[in-house]
Amino acid sequence: MSAGKNNRTENANPAFERVADILVVGGGVAGIAAAVQCARSGWDVVLLEKTILPGGLATLGLVNVFLPLCDGEGNQVLGGIAEEFFNAAVNLGPGVIPPNWRKKNKENSKAKRKICRFASEFSPATFALALESILDQAGVDVWYDTVATETIVENNTTRGVKAFNKSGNGILSAKIIVDATGDADVARAAGCAMVDGQSELSPWFLEASLDSARKAASLNAPELLAKMVRLGADSSSTEPNFSIPAWRGIDGKIVSESARETRRLIMQRYLNSKQPQDTSPRNFPLALPTLPQLRTTRRIKGLATMDGTKNRQDRVAFIPDWKRRGIVWEMPLGALIPERLDGILVAGRCVSAKNGDAWEAARSIPAAATTGQIAGIAASLALQNNTLSIGKIPPQSVEKLMRSPQIAKNDKKNKTPH
Ligand SMILES: Cc1cc2nc3c(=O)[nH]c(=O)nc-3n(C[C@H](O)[C@H](O)[C@H](O)COP(=O)(O)OP(=O)(O)OC[C@H]3O[C@@H](n4cnc5c(N)ncnc54)[C@H](O)[C@@H]3O)c2cc1C
């Protein structure tokens with residue numbers, strides 16, 4: 001993406017044009033949470049997604065573990081849209097809320113730790129269908145197969161994006177943009193300061209095998225029919241694995257190469273598994289990821305950073321640490337606001353969180369849904385208060401709305417900020 005000015009000659013005949021109150025770019029869990037939050041508050045919301053399926057990494061990336069909403073000590077940390085998405089992900093099966101997650105468990109065995117958190121595996125396909133229903137019911141105007149290509153900025157304020165789809169090049173304008181691209185592409189194109197990350201490659205894909213089918217049949221457990229195979233880096237380790245090369249997901253050619261390497265690694269598994277003369281039935285791959293499986297690519301340098309500071313005045317939510325029990329992070333509102341630009345918020349895995357454990361916590365599916373909801377609330381409050389300087393919204397007002405399970409349906413006021 002690049003920065004664009006609202007050049008009248010160049011934009012004389014756009015293939016499509018749409019003006020909305022709020023434009024969300026990126027239909028992963030963060031973007032959907034932001035869009036749904038704003039639409040439920042009565043705003044006219046457009047959601048742009050470059051693929052044709054909702055959910056981002058959680059569906060297209062074949063990530064199938066909804067990491068914990070609890071602190072691992074029996075306390076629920078996240079609710080709101082994160083919990084709604086959790087329920088939606090497991091509603092049609094497979095997956096459940098583990099019945100004993102509230103039990104305080106001092107035991108150190110790995111198996112016990114696993115069952116004692118408010119987390120679950122789910123089917124990415126089920127989750128995509130559920131997210132589509134949630135978007136429909138909220139009345140979000142979704143544009144699939146549409147990629148934002150430029151950010152339109154005037155007077156240090158975002159005005160919209162140029163976008164490309166089957167119709168050609170068009171313009172989508174809005175008072176406020178939520179950048180939920182995962183890599184902060186919209187904010188970056190507008191010239192905002194960024195912090196780059198890197199990821200170890202982790203090919204996750206679905207496999208069919210007779211062993212899985214037999215196990216599923218004998219245990220009467222259809223969720224075992226397809227097996228999720230996880231190769232490469234294990235991010236639950238607290239130590240980096242230097243034997244697996246790291247990839248930077250912010251260079252077009254490197255992203256392309258990482259996708260090819262993912263498939264080479266998967267192919268290798270099958271080439272290695274059999275001798276040529278072996279005639280026994282083979283396992284085979286069922287579904288491959290269709291988004292780059294890179295975890296921490298790029299994030300904004302925000303007005304504030306989630307860095308472990310305690311008792312923050314600017315806190316808008318607590319975020320659980322999925323690797324360690326009893327640890328929660330405090331998310332400041334400024335972590336969603338890029339420096340020196342009005343009219344824009346970011347949400348999801350590209351919010352400002354300190355490299356390492358903080359970013360690891362912030363990028364989980366429930367945390368991404370939560371920052372999406374925060375962005376939606378802050379955008380709604382900004383429009384109500386007739387300002388595009390999101391940094392002027394009191395964090396306490398946002399936190400209060402995050403705590404209230406009831407979202408006011410008619411909290412829109414007829415004010416037009418400029
Ligand atoms: C290998 C791997 C394993 C993981 N394991 C887990 C796990 O077990 N549990 C867990 O909770 N989390 C896990 N995660 C992390 C988690 O899946 C993601 O961090 C989270 O889903 C990110 O959500 P998001 O909405 O911020 O971003 P994304 O899911 O990246 O969504 C961004 C969306 O924006 C769209 N987009 C991007 N650019 C544009 C553009 N210019 N125009 C239009 N659309 C655009 C993309 O197509 C995408 O749909 C894992 C991640 C990886 C890579």
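Begin by selecting helix 1 and helix 4 (residues 124-138) in this predicted model, and look along the pair: the two helices pack at an angle of about 25 degrees, with their axes 9 Å apart. Because angles under 35 degrees count as roughly parallel, helix 1 and helix 4 are therefore roughly parallel to each other. If you rotate the view until one helix lies in front of the other, the crossing of helix 1 and helix 4 is left-handed.

Keep helix 4 selected and add helix 2, which covers residues 80-91. Here the packing angle is about 125 degrees, and the axes of helix 2 and helix 4 are 8 Å apart; helix 2 and helix 4 are therefore oblique to each other. Helix 2 passes helix 4 in a right-handed crossing, whereas the crossing of helix 1 and helix 4 is left-handed.

From helix 2, move into the loop between helix 2 and helix 3 (110-115), where Pro94 is found. Select Gly93 together with Pro94 and inspect the backbone between them: the peptide bond from Gly93 to Pro94 is cis, with omega near -5 degrees. This deserves a careful look because most peptide bonds are trans, and most residues other than glycine have a negative phi. For the second of these points, select Leu62, which is not a glycine and yet has a positive phi of about 60 degrees. Leu62 lies in the loop between strand 3 (45-48) and strand 4 (65-66).

Next, select the ligand and display its surroundings. Which residues come closest to the ligand? Of the 37 residues that surround the ligand, the closest are Glu49, Leu57, Val65, Arg363 and Ile365. By class, this shell has 19 nonpolar, 12 polar and 6 charged residues.

Now restrict the display to backbone atoms and follow the polar atoms of the ligand one at a time. At Val65, a polar backbone atom is 2.6 Å from a nitrogen atom of the ligand, and at Lys50 a backbone N or O atom lies 3.1 Å from a nitrogen atom of the ligand. Turn then to Arg349, where a backbone N or O atom lies 2.9 Å from an oxygen atom of the ligand. Taken alone the ligand exposes 1,000 Å², and the protein buries 97% of that area.

Colour the shell by secondary structure to see where its residues come from. Helix 1 (29-40), strand 7 (147-154) and helix 9 (365-384) each supply at least two residues of the shell around the ligand, and the largest share, 3 residues, comes from helix 9.

For the last stop, keep helix 9 and add helix 10, residues 395-403. Helix 9 and helix 10 pack at an angle of about 125 degrees, with their axes 10 Å apart, which makes helix 9 oblique to helix 10. Viewed with one in front of the other, helix 9 passes helix 10 in a right-handed crossing.

Technical notes. Residues numbered from 1 in each chain as written. Predicted model: local features only at pLDDT ≥ 70, side-chain atom pairs only at ≥ 80, totals over all residues. Heavy atoms only, no water. Near = heavy atom within 4 Å. Polar contact = N/O pair within 3.5 Å; in protein donor to acceptor, adjacent residues only side chain to side chain. Areas by Shrake-Rupley, 256 points an atom, 1.4 Å probe, with all protein chains shown as cover. Helix = DSSP H or I, 4+ residues; strand = E, 2+ residues; numbered from the N terminus. Nonpolar A, V, L, I, M, F, W, Y, C, P; charged D, E, K, R; others polar. Axes fitted to C-alpha atoms, helices over the stretch in contact; angles between N-to-C directions. Parallel < 35°, antiparallel > 145°, perpendicular 65-115°, else oblique. Left-handed = near helix turned anticlockwise from the far one by under 90°.
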